[in-house]
Amino acid sequence: MSELPDLDPVIHAQARLRVVSALSQLREADSIAFPRLQEILRMTPGNLSVHLRKLEDAGYVEVQKTHRGRTPATLVRLTRRGRLAFDDYVIALRSLLDPATES
């Protein structure tokens, strides 16, 4: 039996996994507005902010504060590093669930 892979603890928390999974559906250069992400994930602003901060500290997401006209806007996107970390996480999870299909 081969050694079991480690799961990235930054992504592994349920809320952060949901965030990264949702952001991974966007094209690489695309961002999503904070309220829209909050709506999709059904998270409170405070809870989403806490998890985004953890992901941002790891370099997995980029949070950009900007304006749309005179209205402040917060945009969120998955970084290249975050996309690679998520891909690695999915591969590790699949190998844990079905070790026979290891690549």
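The expected span of a helix is 1.5 Å times one less than its number of residues. Helices here are DSSP runs (H or I, at least four residues) and strands are E runs of at least two, numbered from the N terminus. This is a predicted model, where local features need pLDDT of at least 70, side-chain atom pairs count only at pLDDT 80 or more, and totals for chains, interfaces and linings use all residues. Residues are numbered from 1 along each chain as its sequence is written, and side-chain values use heavy atoms, without hydrogens and water.

**Exercise 1.** Find what span α4 should have, and compare the distance between its end C-alpha atoms.

*Solution.* Start with the count: α4 has 13 residues, so at 1.5 Å a residue it should span 18 Å. Next, look at the ends: the C-alpha atoms there are 18 Å apart, which agrees. Just beyond, Gly 59 follows α4 with a positive phi, near 85 degrees.

**Exercise 2.** Work out which residues of α4 are buried (under 20% relative accessible area, 1.4 Å probe, protein chains only; exposed is over 50%, partly exposed in between).

*Solution.* First, list them: Leu 48, His 51, Leu 52 and Leu 55. Then check their directions from the helix axis to the C-beta atoms: they cover an arc of only 105 degrees, so they lie on the same side of α4. Now turn to the other side, where Val 50, Arg 53 and Asp 57 are exposed. Finally, see what covers the buried residues: α1, α2, α3, β2 (61-68) and β3 are included.

**Exercise 3.** Name the residues that Leu 48 touches (heavy atoms within 4.5 Å), leaving out those up to four places away in sequence.

*Solution.* Going along the chain, you meet Val 19, Phe 34, Leu 37, Gln 38, Leu 41 and Met 43.
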